[in-house]
Amino acid sequence: MTAPVDVSPASATARCVETPIPPAADLSWEAYAGRACYACEKQLTVGAVLVGRAVGRMGAHVLDIDVYACP
Ligand SMILES: [Zn+2]
């Protein structure tokens with residue numbers, strides 16, 4: 001007898017927006033460009049949620065960037 005596996009995309013992705021925003025320097029290029037979720041690296045197509053701003057700097061350059069997560 002096997003118990004049904006509860007895989008709910010809604011509850012799985014809800015955690016992305018609650019993930020603390022990493023320093024901008026730690027973001028992948030895709031996440032930095034706003035094309036991927038900063039928490040799970042999933043490609044974002046529609047309904048991406050603007051979560052906030054990753055901050056950082058590299059030398060004289062400010063790397064602050066808006067980051068998005070799964071809807
Ligand atoms: Zn995600």
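Me: What is a nonpolar core, and which residues have the most contacts inside the largest one here?

Reply: A nonpolar core is a set of buried Ala, Val, Leu, Ile, Met, Phe, Trp, Tyr and Cys residues joined through C-beta atoms within 7 Å. In this predicted model, the largest such core has 13 residues. Leu27, Ala31, Cys37, Tyr38, Val67 and Ala69 have the most contacts inside it. Strand E4, residues 65-69, gives the most to this core, with 3 residues.

Me: Which residues does Tyr38 touch, leaving out those up to four places away in sequence?

Reply: Good one to follow in the structure! Tyr38 touches Ile21, Pro22, Leu27, Ala31, Ala54, Val67, Tyr68 and Ala69.

Me: How many helices and strands does the protein chain have, and how do they run from the N terminus on?

Reply: You can look for 2 helices and 4 strands. Their order from the N terminus is α-α-β-β-β-β.

Me: What share of the residues counts as buried?

Reply: The protein chain has 71 residues, and 18% of them count as buried. As for contacts between residues at least 6 apart in sequence, 49% join residues at least 24 apart.

Me: What sign does the phi of Glu41 have, and where is Glu41 found?

Reply: Start with the general idea: most residues other than glycine have a negative phi. Glu41 is not a glycine, yet its phi is positive, about 70°. You will find Glu41 in the loop between helix H2 (29-32) and strand E1 (49-54).

Me: Why does Glu41 count as partly exposed?

Reply: Just count neighbours: Glu41 is partly exposed because it has 13 C-beta neighbours inside 10 Å, whereas a residue counts as exposed at 12 or fewer and buried at 20 or more.

Terms used:
Residues numbered from 1 in each chain as written. Predicted model: local features only at pLDDT ≥ 70, side-chain atom pairs only at ≥ 80, totals over all residues. Contact = placed C-beta atoms within 7 Å.
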